[in-house]
Every structure is written in structure tokens, then in C-alpha cells.
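Hi everyone, thanks for coming. I'd like to walk you through a structure that is probably new to most of you, so please have a look at it with me.

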Amino acid sequence: MSADNKESKLGDVLKKVVSTGISAAFMTEEAVKNMVQDLPIPKEAINSLIANAKSTRDEFVGAIKNELKTHLDKIDVSKEIEKVLDKYDMEVNAKISFKKKKKETP
């Protein structure tokens, strides 16, 4: 195997490892394991990758939750309902039917 071929193969592996690290943040632990199982990476590195992915995912989800909470805390639900009721007519369509009960046999 030539030196260029080895470098190319190593470059491909490194690209896949970096790509896996980024996408792993949004994957389940099992999906990460399946994704990296055929890469020549020590088990400790895979476990570290999984731990980092979980940590990154938890931080990302936490940040999104905080942003949504901050945004939703600013909304006055009563005012928003009033706006909707002022701008729209409400129409209710209902179907009501009565069905005779089955007689119980003694």
C-alpha cells in the first residue's frame, strides 16, 4: 500500500470520526454504537464519544427548553384568547344520537 493511499484512507477515517462525533449528538446510544462499530477506534474512545454525545444532546435540549420557556412566559394566554375571539366567529357542529340500551336478561 503506498503512502498516498494510507494517507487517503486515514483521512477518510478521520472525516468519518469527526462527522460521527457531530451527528452523534443527535442520535441514540445504540445508533452511535452501530455507526462506529466498523471504525478502527478503541472501545474507550467509543465510550467517550457516546458520553460526549449524550452530554451535548442534554445541553442542546436544555438550551431549547429554556428558550421556549422564556418565550412562553412572555405570552399572556388570556389576552391571546381575547384576540382570537375578537377576530373570529366560533362555529360548533355537533351530532348527538341516542341508542336504545340492550335489555339485560335476568
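Let's begin with the nonpolar patch on the surface, where helix H3 is the main contributor, giving 5 residues. The patch covers about 1100 Å². Its members are Phe60, Val61, Ile64, Leu68, Leu72, Ile75, Val77, Ile81, Leu85, Met90 and Val92. Two elements, H3 and H4, each supply two or more of those residues. Take Ile81 as an example: this residue sits in helix H4, and with a relative accessible area of 48% it is partly exposed.

Before going further, please keep in mind that this is a predicted model. How confident is the prediction, on average, for the protein chain? The mean pLDDT is 76, and 65% of the residues reach 70 or more. That confidence varies along the chain: helix H1, residues 3–24, has the lowest mean, 59, while H4 has the highest, 92. As a general caution, where pLDDT is low, we should not read the predicted coordinates in detail. So please go gently with H1, given its mean of 59.

Now let's step back to the overall layout. The protein chain has 4 helices and 0 strands, and reading along the sequence gives the pattern α-α-α-α. How much of the chain is buried? Of its 106 residues, 9% count as buried. The chain exposes about 10000 Å², and carbon and sulfur atoms supply 57% of that area. As for contacts in the chain between residues with a separation of 6 or more, 47% of them join residues 24 or more positions apart.

Let's return to H4, which spans residues 77–87. Is this helix largely in the open or tucked away? It lies largely in the open, because 0 of its 11 residues are buried. At the start of H4 there is a nice detail to find on your screens: a side-chain oxygen of Asp76 comes to within 3.3 Å of the backbone nitrogen of Ser78.

H4 also brings us to the salt bridges. How many turn up in a search of the whole structure? The search finds 2. One of them pairs Lys83 with Glu80, with the closest N and O atoms 3.4 Å apart. Both residues lie in H4, 3 residues apart, which is about one turn of the helix. Lys83 is partly exposed, at 42% relative accessible area, and Glu80 is partly exposed too, at 37%.

The other salt bridge links Asp73 and Lys69, and here the closest N and O atoms are 3.0 Å apart. These two belong to helix H3, residues 43–73, and because they are 4 residues apart, about one helical turn separates them. Is Asp73 buried or exposed? Asp73 counts as exposed, because its relative accessibility of 55% is above the 50% cut-off.

To wrap up, H3 and H4 are the two helices to remember from today: each gives two or more residues to the nonpolar patch. H3 holds the Asp73 and Lys69 pair, and H4 holds the Lys83 and Glu80 pair. Thanks for listening, and I'm happy to take questions!

How values were computed. Residues numbered from 1 in each chain as written. Predicted model: local features only at pLDDT ≥ 70, side-chain atom pairs only at ≥ 80, totals over all residues. Heavy atoms only, no water. Salt bridge = Lys/Arg side-chain N within 4 Å of Asp/Glu carboxyl O. Buried < 20%, exposed > 50% of the residue type's maximum accessible area, 1.4 Å probe, protein only. Contact = heavy atoms within 4.5 Å. Areas by Shrake-Rupley, 256 points an atom, 1.4 Å probe, with all protein chains shown as cover. pLDDT = per-residue confidence, 0-100. Polar contact = N/O pair within 3.5 Å; in protein donor to acceptor, adjacent residues only side chain to side chain. Patch = residues over 30% accessible without salt bridge, like charges linked within 9 Å, V, L, I, M, F, W, Y side chains within 5 Å.
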